[in-house]
Amino acid sequence: MSHEVIDRSAQASAVPNRTALGGQVRDGATLDGQVLWTGDHYNEGIGRDDIFDKLREECGVFGVFGHPDAAGLSYYGLHALQHRGEESSGICTVDTDNGNAFNYHRGMGLVKEVFDKDKLDMLKGDRSIGHVRYSTSGSSQLGNAQPLIFRYRDGDLGVATNGNIVNAPEIRHELEMSGSIFQTSSDTEVIAHLIARSSKDFETAAKEALQRIVGGFAFLIMTNEKMIVASDPNGLRPLAMARLGDAYVFSSETCAFETIGAEYVRDVQPGELLVLDANGIRTDRYAKIERRATCAMEYIYFARPDSDINGINIHSARKRMGRQLATEAFVDADVVTGVPDSSISAAIGFAEQTGIPYELGLIKNKYTGRTFIQPSQELREKGVKMKLSAVRKVVEGKRVVMIDDSIVRGTTSRRIVNLLREAGATEVHVRITSPPFKNPCYYGIDTPDRKELIASYRTVEEIRQEINADSLSFLSDDGFVDSVGGNDGAYNRGMCLACFDNDYPTPVNEESDKSCSC
């Protein structure tokens with residue numbers, strides 16, 4: 001049928017002038033009877049069973065248009081975005097010297113594990129889209145690794161996205177009922193089917209497809225001839241543009257531009273559609289700007305401190321959060337320490353505002369990755385010390401202010417508080433640089449259901465008791481908004497605070513499955 005979308009990874013060998021580098025997976029392994037990892041690959045489900053119940057971003061995108069080493073730049077760009085997804089990565093290029101042929105490789109694991117020099121050398125072309133992914137429950141498989149690559153009537157189609165399509169289940173059901181056959185469980189595939197089914201040209205089809213979907217997303221869509229870059233109408237997920245010589249570069253975060261020496265130009269605006277082809281770049285719109293609502297958790301937790309979002313530096317914003325928290329919830333103490341890594345900036349701000357010395361009271365072991373040997377529950381509880389250590393000489397006999405970015409289920413905070421107490425802290429006062437996290441996210445953050453969010457059913461005092469802290473305070477909504485800054489005239493200064501105030505910028509169905517995302 002003319003609208004059929006075919007997953008090319010399964011049949012690339014039958015298509016001439018195309019290269020699909022293998023994505024072989026491994027079985028679970030044992031050593032002397034010990035389970036080393038379970039599932040088909042080592043990083044399967046990374047983060048979901050972590051000792052720390054922190055929130056998880058689900059992906060990051062990186063694109064290059066007009067540079068002879070597009071794949072190499074994408075490799076370094078994705079490496080800079082690795083914190084946004086550690087389970088899989090992929091790069092797709094267009095080789096304009098070889099009939100605009102698609103070349104691609106996707107694999108499970110970190111960027112440095114998926115790609116080596118030989119694989120990058122085979123990804124020839126001056127255009128590329130790349131992706132790093134953290135999957136939600138039930139979707140950890142190579143078939144869902146992005147970019148998703150398809151063959152349709154007009155040639156090749158590659159799609160990479162950061163975010164979540166809220167109405168994907170409804171659209172998917174509609175498409176399946178009319179004959180579409182889906183190859184993955186990723187909602188990103190929905191837009192490929194919508195484009196493929198359209199009888200209109202690629203640009204128009206893409207625009208109409210984007211108009212049908214609801215959610216928070218940043219899309220890079222590539223054919224043999226063109227690349228389309230688009231942000232959702234609310235600007236929920238970040239997406240920025242830069243220049244490197246004559247080339248255009250796109251990234252979920254600006255920190256990736258610094259890695260490759262590109263010069264930041266601007267953020268891609270909500271509802272904006274950028275079209276790049278042999279004639280250059282054109283700006284269009286597929287939707288008007290709705291309520292500007294950049295995800296608050298990007299500022300609080302997800303983005304790297306050296307990134308800027310909407311012109312706001314993340315490190316500086318977090319320092320201001322710490323200062324504001326010190327003003328709202330001062331406590332007399334001996335040392336201030338931050339939970340690595342996202343809370344360090346805020347802890348510095350808290351210390352500067354109060355005059356209490358900032359110390360490295362907690363050290364993160366960056367090399368543990370997923371728990372290598374599946375431990376017993378007893379060892380698992382002790383395993384917190386594999387990933388985080390208290391510096392006894394810093395906290396022993398001291399009243400400690402522990403700064404963290406959020407409390408999800410409460411288990412992480414309790415473990416860290418107890419870690420500090422075991423190291424000799426006489427008091428542990430917890431200060432959180434966000435308001436209480438009460439509501440699930442539907443826009444591309446892997447969050448528990450509402451009933452699992454401790455702030456949704458317990459008071460601050462009850463949470464304090466649960467985490468074994470001497471005192472507990474959260475940053476106020478107004479304090480957070482003022483700390484970040486942004487557009488004075490916009491609602492919430494252009495941020496989405498739904499996880500705090502239950503005011504979602506788009507319609508959401510709380511009964512829907514949040515886990516189908518990118």
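This passage walks through the nonpolar cores, aromatic contacts and two helices of a predicted model.

Start with the largest nonpolar core, which takes in 47 residues. Within this core, Met 297 and Phe 480 touch the most other members. Several elements chip in with two or more residues: helix 8 (296-302), helix 9 (314-328), helix 10 (344-354), strand 25 (399-404), helix 16 (477-484), strand 29 (495-496) and helix 17 (498-501). Helix 8 gives the most, with six residues. Leaving aside residues up to four places away in sequence, Met 297 touches Leu 55, Phe 302, Ser 406, Phe 437, Ile 445, Cys 499 and Phe 500. Apart from this core lies another one, of 31 residues, with Tyr 152, Ala 168, Ala 209 and Ala 230 among them.

Phe 480, one of the two residues with the most contacts to other core members, belongs to helix 16, where the buried residues are Gly 479, Phe 480, Val 481, Ser 483 and Val 484. These buried residues pack against helix 8, helix 9, strand 21 (312-313) and strand 29. After helix 16 comes Gly 485, with a positive phi near 90°. Phe 480 also joins Phe 437 and Phe 500 in one aromatic cluster, and both Phe 437 and Phe 500 are on the list of residues that Met 297 touches.

As for aromatic pairs, the structure holds seven. One of these is made by Tyr 442 and Tyr 504, which meet edge-to-face, at 5.4 Å centre to centre and with 75° between the planes. Tyr 442 sits in the loop between strand 26 (427-432) and strand 27 (445-446), and Tyr 504 in the segment after helix 17, so the pair ties together parts that are 62 residues apart in sequence. Both partners are buried: Tyr 442 has a relative accessible area of 3%, and Tyr 504 comes in at 13%. Elsewhere, a ring meets a charge: the charged end of Arg 243 sits over the ring of Tyr 248, 4.0 Å from its centre.

Now for helix 4 (residues 168-177), where Ala 168, Ile 171 and Leu 175 are buried. Looking down the axis of helix 4, its buried residues fall within an arc of 70°, so they line one face of the helix. That fits the usual geometry: an α-helix has 3.6 residues a turn, so residues three or four places apart point the same way. The cover over the buried residues of helix 4 includes strand 11 (155-165), helix 5 (189-197) and helix 6 (202-212). Ala 168 is also among the residues of the 31-residue core. Just after helix 4, Gly 179 takes a positive phi of about 110°.

Note on methods:
Residues numbered from 1 in each chain as written. Predicted model: local features only at pLDDT ≥ 70, side-chain atom pairs only at ≥ 80, totals over all residues. Heavy atoms only, no water. Core = buried A, V, L, I, M, F, W, Y, C linked by side-chain atoms within 4.5 Å. Buried < 20%, exposed > 50% of the residue type's maximum accessible area, 1.4 Å probe, protein only. Helix = DSSP H or I, 4+ residues; strand = E, 2+ residues; numbered from the N terminus. Contact = heavy atoms within 4.5 Å. Phe/Tyr/Trp six-rings, centres within 6.5 Å; stacked < 30°, edge-to-face > 60°. Lys NZ or Arg CZ within 6 Å of the ring centre and 35° of its normal. Arc of directions from axis to C-beta.
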